[in-house]
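User: Could you walk me through the salt bridges in this model? I would like the reasoning along with each value.

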Amino acid sequence: MTRRLRASGILLESRRGWLLKTDDDAIWVLDHEHEQDFAANLRVIVEGQIFGLDRLRVDWIGPQEEVS
């Protein structure tokens with residue numbers, strides 16, 4: 001059974017690679033093959049498959065659109 005996750009939060013860069021810090025302070029290590037330019041501290045939405053305790057194999061990542 002594959003567990004999927006769609007989460008939003010702040011994109012952070014670390015020695016381990018890219019991290020997602022969600023609004024409830026969960027930290028996910030992002031495993032991705034996207035050759036996309038990411039910017040630290042950008043609000044994003046990430047979709048992917050959970051593996052391990054804190055890793056997310058990213059299927060899609062994009063900027064979170066702000067609602068006014």
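User: How far apart are the closest N and O atoms in the salt bridge of Arg 57 with Asp 31?

Analyst: Happy to help! This is a predicted model, where local features need pLDDT of at least 70 and side-chain atom pairs count only at pLDDT 80 or more, while totals for chains, interfaces and linings use all residues. Residues are numbered from 1 along each chain as its sequence is written, and side-chain values use heavy atoms, with hydrogens and water left out. A salt bridge here needs a side-chain nitrogen of Lys or Arg within 4 Å of a carboxyl oxygen of Asp or Glu; for Arg 57 and Asp 31, the closest N and O atoms are apart by 3.7 Å.

User: How many residues apart in sequence are the parts that this pair ties together?

Analyst: Strands are DSSP runs of E, at least two residues, numbered from the N terminus. Arg 57 belongs to strand E5 and Asp 31 to strand E3, so the separation in sequence is 26 residues.

User: Is Asp 23 buried or exposed?

Analyst: Buried means under 20% relative accessible area, exposed over 50%, and partly exposed in between, with a 1.4 Å probe and protein chains only. Asp 23 meets Arg 43 in a salt bridge at 3.3 Å, N to O. Arg 43 is partly exposed at 27%. At 57% relative accessibility, Asp 23 counts as exposed.

User: Which residue forms a salt bridge with Asp 25?

Analyst: Asp 25 is exposed, with a relative accessible area of 55%. The partner is partly exposed at 34%, and the closest N and O atoms are 3.8 Å apart; the partner is Lys 21.

Methods: Helices (H or I, at least four residues) and strands (E, at least two) are DSSP runs, numbered from the N terminus.
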